[in-house]
Each structure stands twice: as structure tokens, then as C-alpha cells.
Amino acid sequence: MADHSHPMVELTRVRFREYLREPEAVFWTLVFPILLAAGLGLAFRNRPAEQLRVVVAETAGAADSMAAAALAASPRLTVSMLDSGAASTALRQGRTVLVVRPGANGFELMYDPERPESAMARLIADDALQRHAGRQDPVALSDRHVSERGWRYIDFVVPGLLGMTIMGTSIWGIGFAIVDARRRKLLKRLIATPMSRAQYLTSFVMWRLILLAVEVTVLVAFGAWVFGVPVRGSLVQLSAVALLTGFAFGGIGLLVAARPRTIEGASGLMNLVMLPMWVASGVFFSAANFPDAIQPVIQALPLTAANDALRLTMLDGAGWRVVAPELAILAAWLGVTFPVALRIFRWR
């Protein structure tokens with residue numbers, strides 16, 4: 001008996017066969033995010049605070065030894081003594097972040113205010129010298145060190161990597177496959193088959209969504225197992241956020257690939273679409289670092305909404321009501337891009 005499988009089943013099966021025949025695609029989809037998360041997790045792992053190198057410029061006076069002893073009492077500073085010329089040279093060459101020069105009426109602090117570590121060393125040195133001189137603080141302060149799960153940099157970056165991975169594999173995976181088929185004139189042959197345009201385009205989205213389950217599971221499980229990244233929210237909600245993110249970027253991928261005839265043209269469009277989101281959507285650092293004037297644009301980007309929803313779900317355990325605005329943004333992108341892609345899609 002002839003196989004009368006639904007066109008959607010056959011088209012989705014073809015997508016998987018094409019994917020598995022490309023080891024590079026498997027690497028960038030599944031292996032690369034793991035390697036990136038591992039590298040960032042090791043680079044920004046919890047470790048003792050770095051000691052800052054400070055130099056005391058010798059002036060042949062008793063204040064030199066006093067300053068060195070006062071600064072050495074701070075656990076954050078590593079202190080050495082050099083003559084005045086060598087101290088200035090060390091600061092210029094970056095071998096120290098601060099030079100303390102004793103004077104008749106106190107101390108002169110030489111540093112580059114544009115360097116964060118120099119500004120930090122200045123504050124620590126000032127505190128150490130003032131305390132050594134007998135300063136009494138009128139206000140009592142207490143320290144509370146925060147290092148539990150959910151507050152670390154790796155906890156921040158794993159949801160961002162997850163959103164970036166879904167975006168990249170959706171747009172690149174769908175876009176390149178469609179444009180390559182158009183370039184090889186395969187789409188012309190598909191016109192004569194009992195298949196609608198909607199079925200053909202939807203098969204790409206379906207293939208991405210099935211692969212999405214593997215991507216999300218692998219990256220989230222790796223983060224939780226290796227670095228202890230928490231998943232405090234509902235797994236159902238996390239799956240729904242990832243699913244809608246995949247749909248939204250799948251629609252964008254279809255739209256980008258709807259007209260180009262060459263791989264080079266499609267590649268340029270994909271980079272044009274994704275590059276602003278790589279930079280501005282809070283993958284590796286908070287989107288709040290950008291000026292307030294462009295925040296409305298940044299918050300409307302689909303990757304910003306996806307990263308915010310993933311972090312709220314994984315790190316804060318937020319419920320549906322909290323992530324509803326981000327889900328609405330993703331749904332809006334899907335509602336616009338897929339119908340437009342369907343309308344302007346070119347077979348030849």
C-alpha cells in the first residue's frame with residue numbers, strides 16, 4: 001500500500017534529515033552553547049576578590065613606612081615601595097593601579113580615574129590611611145556578602161545564552177535552508193506538488209520547535225548540573241516561554257528568507273536583524289546599561305522580551321502574570337512576521 005503521509009509529516013522529516021547531514025549545524029546548535037556557557041562560567045566563577053597593586057613612592061621620610069604599613073593592613077591591596085620615578089613609570093605601564101606619594105600635609109594619590117580598578121584602589125587606600133590615622137566612623141556599617149545561586153553572573157548569562165541560541169538557530173537554520181533551496185531551484189519543483197505554501201513554511205517552524213526541546217533541555221540541564229544555575233519557576237512555564245520564543249524567531253527567519261535569492265544576500269539580512277539584539281538585548285550584560293532614550297526600542301525587541309521572560313522564570317520563579325508583557329511582545333512579533341512572510345514568499 002502506498003504511503004499517504006500528510007505533507008507536513010514528510011516535510012518535517014526532510015528538515016530533520018537535512019539537519020543531521022550537516023555536522024556543523026549540530027555543533028553550532030547543541031555543542032557551541034555548552035562550550036560558551038562553560039567558558040563564561042569558569043571565567044566568572046566565584047573566587048576571592050582580586051588584590052590591587054599599589055605603590056608607595058619613597059620620599060626618604062618616616063611617612064613612607066607608615067603609609068606602606070597602613071595600606072598593607074588592607075586585605076585588598078598588595079603594596080610595594082619604589083622611588084618616585086619608578087613609581088610613575090609603573091603607573092604609566094599598568095604595573096600598578098595607584099601611586100601613594102607622602103607629602104608635608106598628607107598624601108597625594110596618583111591614578112587614572114577612567115580605570116575602574118584604579119578608582120576602587122583609591123577608595124580602599126583612602127579608607128586604610130584614614131583608619132590608620134585614627135578616624136572614627138560616625139555611622140556603623142555592616143557587610144552582607146551575596147553569593148548564593150541566582151545572584152551570580154553565570155546565573156544571569158545562562159538564560160541569555162538560551163535566548164540567543166533559540167534566536168540564532170531559528171533564524172539561521174530556517175533562513176539558510178529556504179534560500180539554499182531557492183538557489184538550487186528546488187522550490188520551483190515543489191510548486192507542482194500537492195502542498196500549500198503555508199504547509200511548506202510551517203514545516204520549518206515545526207522542525208525548529210521539535211529541535212528546540214533538545215536545545216533547551218541540554219543547556220538548562222548543563223547549567224544546573226555544572227554551575228548550579230537554579231530553575232525556580234514552573235517547567236511548564238519555562239517550556240511555554242521557550243516555545244513562544246521559537247515561534248517568534250521562526251517567523252522572523254521565514255520573513256528574512258522570503259525574498260533573497262542568494263546565500264550572501266540572506267546572510268547580510270540575518271546579520272542585520274540579529275546583530276542589534278546580540279548587543280542590546282541583555283545576553284551578556286543588562287540592557288539597562290543603554291541610555292533611557294532608546295530603552296523603548298530595546299524593550300520591544302523579541303530577544304529582550306525572551307531573555308527577560310527566561311530570567312524571570314528561571315531565577316525569580318515568577319508566574320504567568322509577571323511574564324505576560326514579555327509573552328505579549330513575542331506573540332506580537334509572531335503575529336506580524338509569519339503572515340507577512342506567507343504573503344511575500346517567493347518560490348523562484
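This briefing covers the nonpolar cores, the sheet and one helix pair of the structure above. The model is predicted. Its largest nonpolar core has 53 residues. Another core, of 16 residues, lies apart from that one. Four strands form an open sheet, and helix 4 and helix 5 pack on the sheet.

**The largest core**

- The residues with the most contacts inside this core are Leu162, Ile166, Met167, Ile171, Val216 and Phe249.
- Six elements are listed as giving two or more residues to the core: helix 6 (153–183), helix 8 (197–227), helix 9 (235–256), helix 10 (263–280), helix 12 (302–314) and helix 13 (320–344).
- Helix 6 gives the most, with 13 residues.
- Met167 touches Phe249, Met274, Met277, Trp278 and Leu303, leaving aside residues up to four places away in sequence.

**The other core**

- Apart from the largest core lies another, of 16 residues.
- Its members include Leu52, Val56, Ala128 and Leu129.

**The sheet**

- The strand order is 2-1-3-4, and the pairing is mixed.
- Strand 2 (77–83) and strand 4 (106–110) stand at the edges. Each has a single partner strand, so one side of each is left without a neighbour in the sheet.
- On average, neighbouring strands are turned by 30° against each other, direction ignored.
- Strand 1 (residues 52–58) and strand 2 run parallel, joined by seven bridges.
- Val55 stands opposite Ser80 in strand 2.

**Helices on the sheet**

- Helix 4 (residues 84–92) touches strand 1, strand 2, strand 3 (98–103) and strand 4. The direction of helix 4 makes about 130° with that of strand 2.
- Helix 5 (residues 116–132) also packs on the sheet, touching strand 1, strand 2, strand 3 and strand 4. The direction of helix 5 makes about 60° with that of strand 1.

**Helix 6 against helix 9**

- The axes of these two helices come within 8 Å and cross at roughly 35°.
- The crossing of helix 6 and helix 9 is right-handed.
- Helix 6 brings Ile166, Met167, Ser170, Ile171, Ile174, Gly175 and Ile178 to the contact.
- Helix 9 brings Ala242, Thr245, Gly246, Phe249, Gly250, Ile252, Gly253 and Leu254.
- By class, this contact has nine nonpolar, six polar and no charged residues.
- Ile166, Met167, Ile171 and Phe249 take part in this contact, and they are also among the residues with the most contacts inside the largest core.

Terms used: Residues are numbered from 1 along each chain as its sequence is written. This is a predicted model: local features need pLDDT of at least 70, side-chain atom pairs count only at pLDDT 80 or more; totals for chains, interfaces and linings use all residues. Side-chain values use heavy atoms; hydrogens and water are left out. A nonpolar core is a set of buried Ala, Val, Leu, Ile, Met, Phe, Trp, Tyr and Cys residues joined through side-chain atoms within 4.5 Å. Buried means under 20% relative accessible area, exposed over 50%, partly exposed in between (1.4 Å probe, protein chains only). Contact means heavy atoms within 4.5 Å. Two strands pair if DSSP finds at least two bridges between them. Axes are lines fitted to C-alpha atoms, for helices over the stretch in contact, and angles run from 0 to 180 degrees between N-to-C directions. A crossing is left-handed if the near helix is turned anticlockwise from the far one by less than a right angle, and right-handed if clockwise. Ala, Val, Leu, Ile, Met, Phe, Trp, Tyr, Cys and Pro count as nonpolar, Asp, Glu, Lys and Arg as charged, and the others, Gly among them, as polar.
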